[in-house]
Structures are given as structure tokens and as C-alpha cells.
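Reader: I'd like to walk through this one contact by contact. Can you take me through it, starting wherever you like?

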Amino acid sequence: SGRVRVGVGRAYLFCTSRPPQNALFGMGNPLLDICAVVDKDFLDKYGLKPNDQILAEEKHKEMFEEIVKKFKAEYHAGGATQNSVKVAQWMIQEPHKVATFFGCIGKDKFGKILKEKAEEAHVDAHYYEQSEEPTGTCAACITGDNRSLVANLAAANCYKKEKHLDLEENWKLVEKAQVYYIAGFFLTVSLESILKVAKHASENNKIFCLNLSAPFICEFFKEALMKVMPYVDILFGNETEAAAFARERGFETEDIEEIAKKAQSLPKENKKRQRIVVFTQGKEGTVMTKGDKVETFPVLEINQSKIVDTNGAGDAFVGGFLSQLVQDKTFEQCIRAGHYAANVIIRHAGCTFPEKPDFQ
């Protein structure tokens with residue numbers, strides 16, 4: 001689609017090529033985030049590290065009630081993959097529903113909120129709804145710049161390939177996509193669903209992206225992770241996840257550029273695309289492999305006092321990156337958009353954003 005501007009008898013054509021609907025596909029754990037600024041005593045009581053992501057255990061059950069009673073909690077639609085596709089859609093703006101999202105929710109109040117929030121964000125969400133388990137939640141315990149995430153997957157853990165992904169009308173949406181993104185968190189839920197999507201992308205020379213997501217994924221779900229790795233065209237992670245991945249793979253280095261290179265050279269199915277590895281490092285520069293080089297891109301400066309909540313910064317970075325990737329922009333432009341989106345998100349509570357982006 002192009003706009004024509006007529007001036008002095010000449011027509012100037014501005015090519016504003018927009019990605020088609022459903023060009024970006026995401027699948028993951030849809031969670032309702034319960035965000036609150038807490039104190040060190042609260043973290044200690046439940047054995048939480050200030051900056052971590054874990055799955056809820058029995059000992060955390062009461063925590064979800066206490067955080068709401070004791071602190072000023074806010075509810076936001078969350079889940080890593082859903083956050084990222086939502087940010088990508090926000091960056092793209094038009095058309096609506098460029099981003100598709102699959103995941104499992106309960107038939108309850110929280111599930112209804114997630115459906116409404118996805119609609120408000122113009123994401124084409126197709127949830128598998130079941131009544132055995134309630135909609136999943138994630139407690140985001142914020143102290144200063146840090147956030148400790150405790151996810152109670154509940155319904156999110158019930159996603160079934162044969163009950164949802166395999167259905168003809170759903171699989172058609174997968175086939176429509178050009179770019180696929182799944183956070184590593186989903187490896188704990190449905191490896192067979194991830195592999196089906198990843199193989200489809202690889203066989204059709206489309207782009208499949210995966211996020212390491214958390215140290216525990218690299219440590220305790222490494223077999224599942226390595227089954228998917230041959231299909232990964234773009235691997236995302238942060239510095240802590242990169243270090244955990246390197247330890248588990250026996251890379252014998254703590255140098256983030258070296259880790260990126262070694263991750264890049266792991267076996268790959270689709271030889272037409274060289275794997276790209278992108279590691280963020282908070283306020284330090286973002287590292288990206290390019291050919292046989294590794295480049296570092298500085299993040300945007302921000303005054304400490306402007307930072308409201310760093311929860312969701314990593315998801316937002318990926319969302320910004322994907323918004324340009326799906327429009328065939330350069331990887332440098334993808335990183336710039338990622339940094340822009342993360343910079344916006346950390347000024348707001350939860351993974352929320354203003355009405356329109358201001359990104360050129």
C-alpha cells in the first residue's frame with residue numbers, strides 16, 4: 001500500500017509496506033501479573049532472590065494472597081511471549097492483528113481479563129480454554145531495580161497440542177506466519193507443540209525465535225531446550241541466562257561474546273540462515289552475533305529517577321525487535337527498536353505502554 005502525494009504535477013509514492021495480519025506468531029504461557037513493590041523481609045520469607053524467575057512451589061501458595069493484602073498490587077496481562085507479541089503489535093500499530101497468540105487459560109474472571117486485554121492490544125489471541133485449572137498468575141515482586149518473578153502456571157500448563165494447535169483453523173494461522181517467537185518458559189509445558197511449529201518454520205525457511213527466558217530453563221529443561229535448538233534462527237537471552245546456558249553446555253567461558261559465538265555455532269537444521277544470537281545486559285550494551293563477528297550496541301540512556309519498573313523490559317526488547325523483523329528491516333534496526341521499546345516500558349508499571357510509539 002502506498003500514499004500518493006501530488007505536487008507540482010509530480011506524484012511522489014511513499015511505500016509504507018505493512019506486514020500482513022497474522023505474520024507474527026507467538027505461543028506461550030498467558031498469565032495475569034500481580035505486580036507489587038515489596039520489601040526484603042517479604043523476599044526472605046519466601047526464599048526469593050531479588051532478581052530471578054521461578055515456578056511456584058507449595059511454599060509459595062500463600063504468597064499470592066499475602067502480596068495482594070500487604071502491598072499495593074496492580075494487575076496486568078502478562079506472560080513473557082504474550083508481552084512480547086503485544087509490544088510488537090503496539091510498535092506496528094496498523095494493521096491490527098499482525099500478531100497471533102496461542103496459550104491456555106481457565107474459564108474464569110482472570111481468563112476474561114486476559115481476553116479483554118489481548119483485544120485492547122489488537123493481538124489475535126486464540127486461547128485454549130479449559131475448566132480443570134484456573135488461569136495462571138505471576139507474582140512480580142519488585143524491590144528497587146530488581147524484580148523477582150514467581151509463576152503459578154495453573155491453566156497455562158494445560159496447553160495441549162492435539163486439543164488446540166493441531167486443529168485445522170488454528171494450524172492455518174500458524175501457516176500464515178513468517179516469524180515465530182516462543183519464550184523458553186513454554187518448554188516446561190508443551191515441547192511437542194514447540195517442535196511442530198519450529199519444524200514448520202525450518203522446513204519453509206521462515207524465522208523461528210526462542211528465548212532462554214530464565215536460568216532454571218537452561219539448567220533443568222536443558223534436554224528439551226537442546227531438542228529445539230537446531231531449529232532456532234534467533235536466540236534471545238540476558239546475561240544471567242547466557243552464563244547459565246554456558247555452564248550447562250560446558251562452554252568453559254564467562255565472556256558473553258564468546259558464549260554468543262558458541263551458541264551461534266551449535267548444530268542447525270536450516271542451513272540457509274545462519275543463527276543470530278542476541279544477549280541483553282540490562283543497562284550495558286546488547287550483544288549480537290553477525291557473521292563471524294560479535295557486535296555490541298549501547299542501550300538508550302535513562303535517568304534512574306524515570307525508571308518505574310524493570311519488569312517486562314526483556315519482553316519489550318524482544319517485542320520491539322520482532323516488530324521490525326516482521327517488516328524485513330535490518331538486524332541493527334531490530335535492535336534499535338528493541339532498545340526503544342524497553343526504554344518506554346521501564347517508565348511504566350508492568351508491561352504497559354502509552355497509546356502510540358514514537359519510533360522512527
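Author: Sure. His339 lies in helix α13, and bear in mind that this is a predicted model.

Reader: Is His339 buried or exposed?

Author: The cut-off for buried is under 20% relative accessible area. His339 has a relative accessible area of 8%, so it counts as buried.

Reader: And which residues does His339 touch, not counting residues up to four places away in sequence?

Author: Contact here means heavy atoms within 4.5 Å. With residues up to four places away left out, the list for His339 is Thr286, Phe297, Pro298, Val299, Leu300 and Phe317.

Reader: Let's do rings. How are Trp90 and Tyr340 arranged as an aromatic pair?

Author: By the ring rule the model has 18 aromatic pairs. For Trp90 and Tyr340, the centres are 6.4 Å apart and the planes make an angle of 10°. Planes under 30 degrees apart count as stacked, so this pair is stacked.

Reader: Where along the chain do Trp90 and Tyr340 sit, and how many residues apart are they?

Author: Trp90 belongs to helix α3 (residues 80-92), while Tyr340 belongs to helix α13 (residues 331-345). The pair therefore links distant parts of the chain, 250 residues apart.

Reader: Are Trp90 and Tyr340 buried or exposed?

Author: Trp90 has 4% relative accessibility, so it is buried. Tyr340 comes in at 14% relative accessibility, and that makes Tyr340 buried.

Reader: What about Tyr128 and Tyr159: stacked or edge-to-face?

Author: Their centres are 6.5 Å apart, with 90° between the planes. Planes over 60 degrees apart count as edge-to-face, so Tyr128 and Tyr159 are edge-to-face.

Reader: Where are Tyr128 and Tyr159, and how many residues apart?

Author: Tyr128 is in strand β8 (residues 124-130), and Tyr159 is in the loop between β10 (146-152) and α5 (161-165). Both residues are buried. This pair also links distant parts of the chain, at 31 residues apart.

Reader: Which residue has its charged end over the ring of Trp171?

Author: The charged end in question is 4.3 Å from the centre of the Trp171 ring. It belongs to Lys196.

Reader: Over to helix packing. Are α3 and α12 parallel or oblique?

Author: The axes of α3 and helix α12 (residues 313-325) come within 7 Å and cross at roughly 45°. The crossing is right-handed. Given that angle, α3 is oblique to α12.

Reader: Gly319 is in helix α12, so which residues does Gly319 contact beyond its neighbours within four places in sequence?

Author: At 0% relative accessibility, Gly319 counts as buried. Gly319 is among the α12 residues that meet α3, where the residues involved include Ser84, Val87 and Ala88. Leaving aside neighbours within four places, the contacts of Gly319 are Ser84, Val87 and Ala88.

Reader: How are α10 and α11 placed: parallel or oblique?

Author: The axes of helix α10 (residues 239-249) and helix α11 (residues 256-264) come within 10 Å and cross at roughly 60°. With that angle, α10 is oblique to α11.

Reader: Which residues of α11 meet α10, and is the crossing left-handed or right-handed?

Author: α10 passes α11 in a left-handed crossing. On the α10 side, Glu239, Ala242, Ala243, Phe245 and Ala246 take part. In α11 they meet Ile256, Ile259 and Ala263.

Conventions. Residues are numbered from 1 along each chain as its sequence is written. This is a predicted model: local features need pLDDT of at least 70, side-chain atom pairs count only at pLDDT 80 or more; totals for chains, interfaces and linings use all residues. Side-chain values use heavy atoms; hydrogens and water are left out. Rings of Phe, Tyr and Trp (its six-membered ring) pair if their centres lie within 6.5 Å; planes under 30 degrees apart count as stacked, over 60 as edge-to-face and the rest as tilted. Helices (H or I, at least four residues) and strands (E, at least two) are DSSP runs, numbered from the N terminus. Buried means under 20% relative accessible area, exposed over 50%, partly exposed in between (1.4 Å probe, protein chains only). A charge sits over a ring if NZ of Lys or CZ of Arg is within 6 Å of the ring centre and within 35 degrees of the ring normal. Axes are lines fitted to C-alpha atoms, for helices over the stretch in contact, and angles run from 0 to 180 degrees between N-to-C directions. Angles under 35 degrees count as roughly parallel, over 145 as roughly antiparallel, 65 to 115 as roughly perpendicular and the rest as oblique. A crossing is left-handed if the near helix is turned anticlockwise from the far one by less than a right angle, and right-handed if clockwise.
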